[in-house]
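Thanks for making time this morning. I would like to walk through one model with you, beginning with a few single residues and then moving out to the chains.

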Amino acid sequence: MKIVAVCGMGIGTSVLLKMNAEKVLASLGIDAEVEAADIGVARGAAQTADIVLTSDELAPEIGDVPAEVIIIDNFFDLDEITAKLTPAVQ
Amino acid sequence: MTLNLAEELSSITTKATASDWRAAIRLAGDGLVAGGVTTEAYTEEMITAVEEHGPYIVIAPGIALAHSRPAESVLKGGLSWVSLETPVEFGHASNDPVSLVIGLAALDHTAHIEVLKAVAGVLSNKEVRARLEAAETPDQVRELLSSLATK
């Protein structure tokens, strides 16, 4: 399974999202590759990914992709990430 | 947590006053410039990032991670910390208003990951977050962050 964490620049928020998504996946026992990407790279990466994690503001910029786009409001809240990611990965 | 975030912060400002989100980002940018981390151009790049992509840098309730991409304006990797006396609106749907702005500059896409882990570790703890918000002076912020790193 491939997951892409997307932010505007690919260095700050997407890296945080990637780290916390990996923590959640480990606790769920799910084997998945999580990649951080900026919005420019993300449109391409999202074509081959199963899941895209991003913020409400950037979701429309990703456009129409086959991946399931999941919006995270609080990047520090593992409970929120767990609640939203669990149904998508199981 | 092994990394001491206090040592990574090029500047800490508490009880700062900002009229709007641009002013708040400028304060974080000034902290990076003062610490020799970036040139003033980076401050404008952080503002442009929000103008282009919206307030997605408001990553949690009350917290903005201001940053742009690695560029000539970045002299070295670093962080600045600005807590605001009065929170400001960034226009974010669920995480406004913002009371803490962290400025982030990085030379590449991987060098600062340990620092971000430390930031996430500190700020995802609600009790720690409340104590940091209550800190009146930069020294109090520094002491608190140092005490967390040694635990």
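B:Lys15 has a relative accessibility of 34%, so it counts as partly exposed, because that value falls between the 20% under which a residue is called buried and the 50% over which it is called exposed. Please keep in mind throughout that this is a predicted model, and that every value I quote is computed from it. B:Lys15 sits in strand 1 of chain B, and its backbone deserves a second look, since phi there is near 55°, a positive value in a residue that is not glycine.

Within that strand, which spans residues 9-16 of chain B, we also find B:Thr14. Is B:Thr14 buried or exposed? With a relative accessibility of 13%, B:Thr14 counts as buried, because the value is under the 20% cut-off. What, then, does B:Thr14 touch, once its neighbours within four places in sequence are left aside? Its contacts are B:Ser83, B:Ala135, B:Glu136, B:Thr137, B:Pro138 and B:Val141. There is also a pairing across the sequence to point out: B:Glu85 is 71 residues away from B:Thr14 along the chain, yet their C-alpha atoms are separated by 7.6 Å.

Let me stay with chain B and turn to helix 5, residues 126-134, where B:Val128, B:Arg129 and B:Leu132 are buried. Viewed down the axis of helix 5 of chain B, these buried residues fall within an arc of 100°, so they line one face of the helix. The general background is that an α-helix has 3.6 residues a turn, so residues three or four places apart point the same way. On the face of helix 5 of chain B that is turned away from the buried side, the exposed residues are B:Lys126, B:Glu127 and B:Ala134. And what do the buried residues of helix 5 of chain B pack against? Their partners in chain B are three strands, namely strand 3 (63-67), strand 4 (78-88) and strand 5 (98-105), together with helix 4 (113-123) and helix 6 (138-149).

One more local feature of chain B is a peptide bond, the one from B:Asp96 to B:Pro97, which is cis, with omega near -10°. B:Pro97 belongs to the loop between strand 4 and strand 5 of chain B.

Now to chain B as a whole. It contains 6 helices and 5 strands, and along the sequence these follow the pattern α-β-α-α-β-β-β-β-α-α-α. For its 151 residues, a compact globule would have a radius of gyration near 15 Å, and the 14 Å of chain B agrees with this. Along the principal axes, the C-alpha trace of chain B spans about 40 × 30 × 25 Å. Buried residues account for 54% of the 151 residues in chain B. If we take the contacts in chain B between residues at least 6 apart in sequence, 69% of them join residues at least 24 apart. The accessible surface of chain B is about 6500 Å², with 50% of it belonging to carbon and sulfur atoms. As for charge, chain B carries 11 positive and 20 negative side chains, and the centres of these two sets lie 6 Å apart.

Chain A can be described in the same terms. It has 4 helices and 4 strands, and from the N terminus on, its elements run β-α-β-α-β-α-β-α. The radius of gyration of chain A is 11 Å, close to the 12 Å that the globule rule gives for 90 residues, so chain A is as compact as a globular protein of that length. Its C-alpha atoms fill a box of roughly 30 × 25 × 20 Å along the principal axes, and buried residues make up 57% of the 90 residues. Of the contacts in chain A between residues at least 6 apart in sequence, 54% join residues at least 24 apart. About 3400 Å² of chain A is accessible surface, 49% of which belongs to carbon and sulfur atoms. Chain A has 5 positive and 15 negative charges, whose mean positions are 4 Å apart.

I will finish with A:Gln90, in the segment after helix 4 (78-89) of chain A. At 64% relative accessibility, A:Gln90 counts as exposed, because this is over 50%. Even so, leaving aside neighbours within four places in sequence, A:Gln90 is in contact with A:Leu28 and A:Ile30. From A:Gln90 to A:Gly8, which are 82 residues apart in sequence, the C-alpha to C-alpha distance is 28 Å.

Note on methods:
Residues numbered from 1 in each chain as written. Chains lettered and ligands numbered in written order. Predicted model: local features only at pLDDT ≥ 70, side-chain atom pairs only at ≥ 80, totals over all residues. Heavy atoms only, no water. Helix = DSSP H or I, 4+ residues; strand = E, 2+ residues; numbered from the N terminus. Rg over C-alpha atoms; globule rule 2.2 N^0.38 Å. Buried < 20%, exposed > 50% of the residue type's maximum accessible area, 1.4 Å probe, protein only. Contact = heavy atoms within 4.5 Å. Areas by Shrake-Rupley, 256 points an atom, 1.4 Å probe, with all protein chains shown as cover. Lys, Arg positive; Asp, Glu negative; His and termini not counted. Charge placed at Lys NZ, Arg CZ, Asp CG, Glu CD. Arc of directions from axis to C-beta.
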